[in-house]
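Trainee: I have some labels to check against their cut-offs. Can we go through them one by one?

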Amino acid sequence: MTNMSEFQHPRFARMYERISAESEQRGTAQHRDRALAGLSGRVIEVGAGNGMNFGHYPGTVAEVVAVEPEDHLRALAERAAEKAAVPVRVVAGHATALPVQDAAFDAAVASLVLCSISDVPAALTELRRVLKPNGELRFFEHVRSTKPWFAVLEDALTPLWSRVGGGCHLNRNTAADIRAAGFDIESIDRFHYAPLRFFPSQAHILGIARAGK
């Protein structure tokens, strides 16, 4: 198995464990429902964290393979998997080297994770590899603001924030990255909300992309 030491952020993991519950109550749970609605077949989820998506998968999903590199979060995800209404298998791994076969999944889920992956193009290439021809990518991510003054602030804060926030970047153009990786975006909703009480409202995108044949 790939060495997971570089993906360990124990302080951030424990902080995320605490704040994720508040985020769910402030709208994130509803966005997870939207992001996962209508999925079916075998699904791979990258950066599953503490398993907050597991309770939102519809019953039409046959299996979720949830990949998470961080030890503490993966242990929490394993507990969440036991309570899920659909079969969930949690595995150690990271997005740029997924421990699964080619063309094995009907859909992939990237949910609040592409902000923290160091090599987004490589991760998206991996997702294309493991998806069946014409497979779906469901994405729900926070992205760089379209407000120029706020985007400049995000650019300035990102170097510090990424060090304390488990590698999270505030200023990524994730939709452009998805297109550049060869996915066709079929639908995309751009919206703002504040997932935490003392955080400003952030730009997010949510949608469906197709891997192509």
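Mentor: Start with a definition: buried means under 20% relative accessible area, exposed over 50%, and partly exposed in between. Keep in mind that this is a predicted model.

Trainee: What makes strand S2 largely enclosed by the rest of the structure?

Mentor: Strand S2 spans residues 61-67, and 5 of its 7 residues are buried, so the rest of the structure largely encloses it.

Trainee: How do you know that S2 pairs with strand S1 and with strand S3?

Mentor: Pairing needs at least two bridges. S1 (residues 41-46) and S2 share 6 bridges and run parallel. S2 and S3 (residues 88-91) share 4, also parallel. Both counts meet the cut-off, so both are pairs. For landmarks, Val43 stands opposite Val64 in S2, and Val67 stands opposite Val91 in S3. From S2 the chain crosses through helix H2 (residues 71-83) to S3, in a right-handed β-α-β crossover.

Trainee: Why is Leu153 called partly exposed?

Mentor: Leu153 lies in helix H4 (residues 148-164). Its relative accessible area is 38%. That falls between 20% and 50%, so Leu153 is partly exposed. Leu153 also forms a nonpolar surface patch with Trp149 and Leu157, with about 330 Å² of accessible area together.

Trainee: Why is Trp161 not called buried?

Mentor: Trp161, also in helix H4, has 24% relative accessibility. Buried requires under 20%, so Trp161 counts as partly exposed.

Trainee: Which residues does Trp161 contact, leaving aside its neighbours within four places in sequence?

Mentor: Cys168, Leu170 and Phe199.

How values were computed
Residues numbered from 1 in each chain as written. Predicted model: local features only at pLDDT ≥ 70, side-chain atom pairs only at ≥ 80, totals over all residues. Heavy atoms only, no water. Patch = residues over 30% accessible without salt bridge, like charges linked within 9 Å, V, L, I, M, F, W, Y side chains within 5 Å. Areas by Shrake-Rupley, 256 points an atom, 1.4 Å probe, with all protein chains shown as cover. Salt bridge = Lys/Arg side-chain N within 4 Å of Asp/Glu carboxyl O. Helix = DSSP H or I, 4+ residues; strand = E, 2+ residues; numbered from the N terminus. Buried < 20%, exposed > 50% of the residue type's maximum accessible area, 1.4 Å probe, protein only. Right-handed = clockwise from strand over helix to strand, strands pointing away. Contact = heavy atoms within 4.5 Å.
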